[in-house]
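Me: Hi! Could you walk me through this one while I have it open?

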Amino acid sequence: MPEKPVLFKIRRQASPAQKAYWEEFELAWHAGMNVISSLMEIARNPLTRDGKATTPITYDSNCLEEVCGSCAMLINGKARMACSALVAKLEQPIRLEALSKFPIIRDLSVDRSVLFENLKRVKAWVPIDGTYDLGAGPRLTMEDQEQAYPLSRCISCCCCMEVCPQFNRQTGFVGAATISQVRLFNTHPTGAALKRQRLQALMGDGGIQECGYAQNCVEVCPKDIPLTRSISEVGGAVMKQAIGDLLRR
Amino acid sequence: MAAAPSTAAPIKLPGGVSPLRAGQGHSFLWRRLHSLTGIVPVGLFLIEHFFSNAYATKGPGAYTKQVAFLSSFPFVVTLELLGIWLPILYHSLYGFYIWYRGDSNIRDYPWAGNWMYAAQRWTGAIAFFYMGWHTWHLRFSGVHILTYPAAAFGKVQLEFHSPAAVAFYAVGIFCASWHFAYGLWLFAAKWGITQGPVSRRRWGYVCILIALVFMAVGAVTMHSFMTTPQQPVEPAASELDSFTMR
């Protein structure tokens with residue numbers, strides 16, 4: 001197939017404080033190319049469309065098979081993983097921008113540490129540290145495993161947060177990924193030791209109450225995690241605990 | 001159990017969303033109260049209001065009797081204040097605050113749930129301004145219908161004297177019905193009542209039905225007001241009427 005050259009419009013920014021600008025790139029079309037492979041090509045020969053020398057584009061990527069979560073960016077205005085974004089399926093010119101709700105480090109690379117901070121605040125781990133060998137933990141039932149596995153597929157790409165109308169600087173909403181991890185670790189028989197603390201954390205400002213149930217999270221999730229189910233389930237558990245705490249006080 | 005402070009200070013870049021403030025603030029209480037007030041008492045009042053107004057379909061006499069019945073409640077103004085006005089005011093004002101803080105993005109992500117998210121804000125706002133007009137005209141100005149129940153039917157009829165006013169009432173009823181029905185759906189989803197996609201979809205069908213029932217009752221009621229010959233609205237005459245009615 002004699003395909004036309006591929007046109008990219010990329011929003012660039014040299015540093016967090018500097019102004020953003022657009023640059024256009026033209027690449028020869030070849031079969032199977034995706035956005036990351038295109039960015040690699042540009043890095044090999046960093047010339048803009050009109051032949052001016054420029055710097056290679058900074059972006060995050062690692063696994064190139066949609067399991068590491070690094071390469072999330074806005075492609076034609078929509079948040080998605082760049083490695084699985086096939087050029088053949090995209091409208092041209094292909095617009096690439098950094099995720100809009102995270103501080104830009106440079107070009108397409110953003111600081112997504114807010115997710116890590118959120119995961120720490122809800123204690124998204126299984127507490128197994130002790131002063132002696134605690135031995136084997138309780139068994140996870142088959143049913144719980146089937147519930148937990150899809151949740152454990154989260155790759156921390158932050159797409160669910162980027163597309164959420166409630167995740168912004170005014171609300172400081174925690175986002176769907178973290179709420180879903182609360183469900184994952186509360187399902188785990190040993191992880192459940194911290195269940196009350198996790199649910200308590202989600203009652204703080206920016207907690208689960210900020211969810212407006214627009215359901216964009218579950219639409220965009222590249223790993224098909226049942227995020228709205230997690231929000232409903234955890235929402236119910238948080239509510240139950242809030243009322244219980246009120247009565248036990 | 002105190003969390004160990006992380007040794008490496010995270011790089012602070014401008015423009016980021018702040019992480020969860022675990023254990024801080026009262027927004028959980030206020031936001032959940034907003035959600036609850038939409039059902040109890042505002043939703044319950046909406047049911048009562050549509051039901052009571054539907055007495056118009058049985059004629060001015062039956063309508064006057066229902067208005068007289070509601071007006072006869074002990075502490076009626078206190079009931080109105082605590083059961084209707086304050087909850088609606090809280091639900092509305094906090095609702096505007098929620099809208100102000102959200103960033104609707106249907107242009108980039110035109111998905112059904114996202115449209116409903118935006119529609120819930122627009123219908124709420126329209127219903128709010130509609131209710132402002134509606135209560136000012138019928139409750140707080142003109143003939144006092146709590147004192148003169150027999151004037152109520154005619155007073156409502158006067159509301160429909162221009163096509164623009166009729167359209168405004170139709171839009172108000174449509175928005176209130178939509179907002180309440182989707183509010184019920186949202187309540188069930190957020191409070192963990194409908195947890196799975198199947199139950200959410202089924203409850204969605206029920207909510208659509210609820211919306212349609214409200215809209216139909218509203219339309220039939222409006223039709224009754226508009227097709228009945230104009231009833232008197234003067235307090236003196238109506239007072240006399242209400243005596244003869246009893």
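**Domains, core and chain contact**

Reply: Happy to. In this predicted model, the C-alpha centres of domain 1 and domain 2 of chain A are 31 Å apart.

Me: Where do those domains start and end?

Reply: In chain A, domain 1 covers 6-110 and domain 2 covers 113-248.

Me: And how many residues of each are in contact?

Reply: Domain 1 of chain A puts 13 residues in contact with 12 residues of domain 2 of chain A. On the domain 1 side, strand 4 (residues 78-81) of chain A has the largest share, with three residues. That side splits into seven nonpolar, three polar and three charged residues.

Me: Switching topic: how many residues are in the largest nonpolar core?

Reply: The largest nonpolar core has 96 residues, and A:Met73, A:Cys160 and A:Leu202 have the most contacts inside it. Helix 7 (residues 163-190) of chain B gives the most to this core, 11 residues. Domain 1 and domain 2 of chain A each give the core at least three residues.

Me: What does A:Leu202 touch?

Reply: Leaving out residues up to four places away in sequence, its partners include A:Val122, A:Val174, A:Ile179 and A:Val238.

Me: Nice. What about the contact with chain B, how many residues does each chain put in?

Reply: Chain A gives 47 residues and chain B gives 40 residues. Helix 8 of chain A has the largest share of the chain A side, seven residues.

Me: Which classes are those chain A residues?

Reply: The side of chain A that touches chain B has 16 nonpolar, 19 polar and 12 charged residues.

Technical notes
Residues numbered from 1 in each chain as written. Chains lettered and ligands numbered in written order. Predicted model: local features only at pLDDT ≥ 70, side-chain atom pairs only at ≥ 80, totals over all residues. Core = buried A, V, L, I, M, F, W, Y, C linked by C-beta atoms within 7 Å. Buried ≥ 20, exposed ≤ 12 C-beta atoms within 10 Å, placed from the backbone. Helix = DSSP H or I, 4+ residues; strand = E, 2+ residues; numbered from the N terminus. Domains from an automatic or database assignment. Contact = placed C-beta atoms within 7 Å. Nonpolar A, V, L, I, M, F, W, Y, C, P; charged D, E, K, R; others polar.
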